[in-house]
Amino acid sequence: MKKASIMIDKHFILSEIDQRIYGSFVEHLGRCVYEGIYQPGHPAADENGLRQDVAQLIRELNVPITRYPGGNFVSGYKWEDSVGPKQERPNKIDLAWRVVESNQFGLNEFMEWTKTVNTQPMMAVNLGTRGIEAAKNIIEYTNLKKGSYYSDLRRQHGVVEPHDIKLWCLGNEMDGPWQEGHKTALEYGRLAEEAGKAMRMVDPDIETVACGSSNLDMPTFAFWEDTVLNQCYDQVDYISMHQYYGNHDGNSQQYLANSDGMDQFIREVIAICDAVKAKRRGKKNINISFDEWNVWYHSNEQDKQIEPWSQHPHQLEDVYNFEDALLVASMMITMLRHADRVKIGCLAQLVNVIAPIMTSDTGAWKQTIFYPFEMISNQGRGHVLHTQTKAPTFASRYGDSSYLDAVVIENDNEDLLTIFAVNKDLTDDLELTCDFRQYEGYLLAKHTILHHDNLKAVNTEGAPATVVPTASTSVTFENGHLSGILEKQSFHMIQLKKG
Ligand code: AHR
């Protein structure tokens, strides 16, 4: 049998985990908002139209921040259309998704929703078709108490206390030719600098995120980050990263190697951030906001059939299978292994649109990818230990890819050590050993596994529990040594707790 080991030292702490790494994303796209989080008249909706069956599942995911309102949508967004009396809000065409937006759910409704699901807003401003003026005005509306035009307008709209939104994205994917108001790196860098500056003049306590590349394969990648950050280094705290993967050629082993691509992408962006810091003789690190990541490809073909200018059609409704859940687990492990620099992460998206949660008029259910996210988000709190792994490898487009992805997290408050591990090997089990003798008095508390024989197994409304985590007894813990079997194609959460 193939052998693998995980090695840590309790003194070698990589970083405290910023809980915002477990964020998500709500865009005005498809049925994420309408028929997703908001559906007035639905039996499960409250008096504000917020679906409580969906809210309950979101609370289970435990997402500390939610990015809003886009995405590509934000590059044509006129925030003023989304506030005030609902009967006066206009139907507007959205060029990004070729649909009509009714604006019946807007900024203030979103902020109401954040409270019901225990999340904080991560708001994006439109730097596509708009600029400094609109960015300055929206933050005046959301963050100033009273006595100015936009803060008083908010009060007229029934919201007396400021929303006090502290995290702001300066546009979305501005490097992408598909983006409304697409810009060159220099044009965008200048605009981000000036918009960020004006927004901080309104509220000096905000944090801002500059747009990085839309993915690792963008032809302008690296030049873009370097140019943008050289320009706006003083006005930003984070650079964004986005990455989606798909099993386009049906080679599942290669598909699972993609977390190595994510790792490479993160390492390269960190290098650029640090190079700019050095060039600028800067004091602060620019950290990473990985504010869009997921699997996205199942729905590509069916989306070509959508009639333009309809309202909230079924769009980007990927039905996720078991192998997608394995890759999602590996992507989360990859971000955690860079927790010293990746401070924000947003699973794109939250409901119906490339999402862990799906809805119909009759119910809401959990897709396969719900489970690794839920397990890691809830149990992956504390600090990350430098985690070395030794395991067999396979050849992939990224070089030698390890069959084992793993990270170890220590939670001092609860005397808890948590190992997240994926065995990507599709043919063989891995025989695992780990030396945890430094953790005297610890006992094996829990071992949960996500496994299915069929990589293509899915959860649907009719069969929502096809892929679910179960308890495992395949490892033992004796005299500080953890050993046992990680089944082929499986994700594990193993917890040791002081006895
Ligand atoms: O999440 C779906 C889309 O993917 C977002 O709107 C955009 O930012 C990205 O291209």
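**Group meeting: a walk through the model**

Seven strands make up an open sheet, in the order 2-15-19-20-26-22-23, with antiparallel pairing. Strand 2 (13-16) and strand 23 (470-471) stand at the edges; each has a single partner strand, so one side of each is left without a neighbour in the sheet. Before I go on, please keep in mind that this is a predicted model.

Let me take one pair from that sheet. Strand 15, residues 383-385, and strand 19, residues 404-411, are antiparallel and joined by three bridges. Within this pair, H383 stands opposite E410 of strand 19.

Now to strands that run parallel. Strand 7 and strand 8 are parallel, with three bridges between them. Here V125 has L170 in strand 8 as its bridge partner. On the other pairing, strand 8 goes with strand 9, residues 207-210, again in the parallel sense, over four bridges. What is the bridge partner of L167 in strand 9? For L167 that partner is E207. L170 stands opposite A210 in strand 9. Strand 9 also pairs with strand 10, residues 238-245, in the parallel sense over two bridges, and there A210 stands opposite I239.

The connection from strand 8 to strand 9 involves a helix. Strand 8, helix 5 and strand 9 form a β-α-β unit, and the unit is right-handed.

Look next at the side chains of strand 8. In a regular strand, side chains alternate between the two faces of the sheet. In strand 8, L167 and C169 point one way, W168 and L170 point the other way, and all are buried.

Helix 3 is next. How far apart are its end C-alpha atoms? At 1.5 Å a residue, the twelve residues of helix 3, 132-143, should span 16 Å, and the end C-alpha atoms are 16 Å apart, which agrees. This helix is mostly covered, with nine of its twelve residues buried. The buried ones are A134, A135, N137, I138, I139, E140, Y141, T142 and N143. What do they pack against? The buried residues of helix 3 pack against three helices and two strands by name: helix 2 (107-116), helix 4 (149-156), helix 5 (185-202), strand 7 (120-125) and strand 8 (167-170). Strand 7 and strand 8 are the parallel pair I described earlier.

On to the ligand. There are 13 residues around the ligand, and E27, N72, E173, Y244 and E292 come nearest. For Y244, an N or O atom of the side chain is 2.7 Å from an oxygen atom of the ligand. N172 has a polar side-chain atom 3.0 Å from a ligand oxygen atom. Q349 likewise places a polar side-chain atom 3.0 Å from an oxygen atom of the ligand.

I will finish with a single residue, T359. T359 is found in strand 13, residues 357-359. Is T359 buried or exposed? T359 has a relative accessibility of 3%, so this residue counts as buried. A polar atom of the T359 side chain lies 2.7 Å from the backbone oxygen of E35. Leaving aside residues up to four places away in sequence, T359 touches R31, E35, G36, R51, V54, V351, N352, A364 and W365. E35 therefore appears twice for T359, as a touching residue and through its backbone oxygen at 2.7 Å from the T359 side chain.

Key. Residues are numbered from 1 along each chain as its sequence is written. This is a predicted model: local features need pLDDT of at least 70, side-chain atom pairs count only at pLDDT 80 or more; totals for chains, interfaces and linings use all residues. Side-chain values use heavy atoms; hydrogens and water are left out. The expected span of a helix is 1.5 Å times one less than its number of residues. Buried means under 20% relative accessible area, exposed over 50%, partly exposed in between (1.4 Å probe, protein chains only). Contact means heavy atoms within 4.5 Å. Two strands pair if DSSP finds at least two bridges between them. A crossover is right-handed if, with the strands pointing away from the viewer, the path from the first strand over the helix to the second runs clockwise. A residue is near a molecule or strand if one of its heavy atoms lies within 4 Å of it. A polar contact is a pair of N or O atoms within 3.5 Å; within protein, one must be able to donate a hydrogen and the other to accept it, and residues adjacent in sequence count only if both atoms are side-chain atoms.
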